[in-house]
Amino acid sequence: MTDTHTTPQHSLTLLGLGDMGTALARTWLAAGHSLTVWNRTPAKAGALAAEGASVAATAADAVAASALVVVCLLDDASVGATLDGIDLTGKDVVNLTTGTPAEARARAAWAQQRGARYLDGGIMATPTMIGVPEAGGYVFYSGSRALFDGRRAVLDVPTGSRFVGEDPGHAALHDVALLSAMWGMFAGISHAYALIDGEDIAPKDLAPLLSEWLGAMGFFVGNAAERLTSRDFTSGVVSNLAMQITGTGTMLRTAEEQGVSTELVTPYVDLLRRRLAADPAAHGGEDTTGAILLLKR
């Protein structure tokens, strides 16, 4: 009996040819890999066929063509619908479809029950960053370590690879954690630009100041990690929670004067106030990291 996990790594199948899937496909083709593709809308495969891809008529045909099957579809439900009833015995399934940690864990168990090894991925890049090493993109992977190690030469072609554990849900968790921080940053930047809108301050002049200031505040990332580990929220605090809460009043009044909604900043301010109000004597001397504990249900 042939062990399909040892099939040469230069052959793979890709299911899904949206913007990201197409970008991934082009990097593998450019690197000389033998690529079979399938998409629910066949027309999207035309350009890739001209570049050397083999176009499968059905998802089952595409899966049968290679031992390594990369999935990049709309959501977890589409993954289940696409692979439903298809023989996955001996396949290496790498799922780059955006989903939750719970979905990744369930999909891993689903794949294993069907005789496949499974690796979940969280793509930290836009399609334009794929195939451009200097762009700094990468993919978080979690699940089968043996699959990751054995297929890494292929997985590294489109962009960098970072293995974050054998729990299949950890790639999605890392992905969403970073994206959540990004959205919070976008909210603060949006509020800052709203404050100066209509004033004699050009956005392009504020931009470098924002970038510089946000870079300087980056120390909070490591500081918060240390405090959450030690649960020491008071040692070495320069600007304590009580002082920070007092300062938010000026920030909120300025927004009111400028005619700017505070809806992007008040949720965080309210969280800090709750932390202080719970025990002013105990929490007043902390930094703001302790408020993170209030987010856990």
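**Why these labels? Burial, salt bridges and packing**

Me: Are Asp287 and Arg227 buried or exposed in this model?
Reply: Asp287 is buried, and Arg227 is buried as well. Keep in mind that this is a predicted model. The label buried means under 20% relative accessible area.

Me: What makes the contact of Asp287 with Arg227 a salt bridge?
Reply: Their side chains meet with N to O at 3.0 Å. The cut-off is a Lys or Arg side-chain nitrogen within 4 Å of a carboxyl oxygen of Asp or Glu, so this pair qualifies. Asp287 sits in the segment after α12 (280-283) and Arg227 in helix α9, so the bridge ties together parts that are 60 residues apart in sequence.

Me: Which residue forms a salt bridge with Arg275, and how do you know?
Reply: The partner is Glu286, with the closest N and O atoms 2.9 Å apart. That is within 4 Å, so the pair counts. Arg275 belongs to helix α11 and Glu286 to the segment after α12, so parts that are 11 residues apart in sequence are tied together. Arg275 and Glu286 are both buried.

Me: Why is Asp92 called buried, and why is Arg117 called partly exposed?
Reply: Asp92 has 0% relative accessibility, so it falls under the 20% limit and is buried. Arg117 has 21%, between the limits of 20% and 50%, so it is partly exposed.

Me: How do you know that Asp92 and Arg117 form a salt bridge?
Reply: The side chains meet at 2.7 Å, N to O, so the 4 Å cut-off is satisfied. Asp92 is in strand β5 and Arg117 in strand β6 (residues 117-124), 25 residues apart. A network of salt bridges links Asp92, Arg117 and Arg151. Over the whole structure, the search finds 10 salt bridges.

Me: Why is helix α4 described as largely enclosed?
Reply: Six of the eight residues of α4 (residues 76-83) are buried, so the rest of the structure largely encloses this helix. The buried ones are Asp76, Ser78, Val79, Gly80, Thr82 and Leu83. They pack against several elements, including β1 (11-15), β2 (34-38) and α5 (101-113). Gly85 follows α4 and has a positive phi, near 80 degrees.

Me: What makes Thr82 one of the buried residues?
Reply: Thr82 has 8% relative accessibility, and the limit is under 20%, so the label holds. Leaving out residues up to four places away in sequence, Thr82 touches Leu15, Trp38, Arg40, Ala59 and Leu73.

Me: Why is Met185 called partly exposed?
Reply: Its relative accessibility is 39%, which lies between 20% and 50%, so partly exposed is the right label for Met185. Met185 is found in helix α7.

Me: What makes Met185 eligible for the nonpolar patch on the surface?
Reply: Patch residues need over 30% relative accessible area, so Met185 passes with 39%. Other members of the nonpolar patch include Trp183, Phe186 and Trp213, and its residues have about 1200 Å² of accessible area together. The largest share, four residues, comes from α7, while α7 (170-196), α8 (203-216) and α9 (219-230) each supply at least two.

Me: How do the axes of α10 and α11 lie relative to each other?
Reply: The axes of α10 (residues 241-257) and α11 (residues 266-278) come within 10 Å and cross at roughly 145 degrees. The crossing is left-handed. Among the contacting residues are Leu241, Ile245 and Leu252 of α10, and Val269, Leu272 and Arg275 of α11.

Technical notes:
Residues are numbered from 1 along each chain as its sequence is written. This is a predicted model: local features need pLDDT of at least 70, side-chain atom pairs count only at pLDDT 80 or more; totals for chains, interfaces and linings use all residues. Side-chain values use heavy atoms; hydrogens and water are left out. Patches are made of residues with over 30% relative accessible area and no salt bridge: like charges are joined within 9 Å, nonpolar side chains (Val, Leu, Ile, Met, Phe, Trp, Tyr) within 5 Å. Accessible areas come from the Shrake-Rupley method with a 1.4 Å probe; for residues, only the protein chains shown count as cover. Buried means under 20% relative accessible area, exposed over 50%, partly exposed in between (1.4 Å probe, protein chains only). Contact means heavy atoms within 4.5 Å. Axes are lines fitted to C-alpha atoms, for helices over the stretch in contact, and angles run from 0 to 180 degrees between N-to-C directions. A crossing is left-handed if the near helix is turned anticlockwise from the far one by less than a right angle, and right-handed if clockwise.
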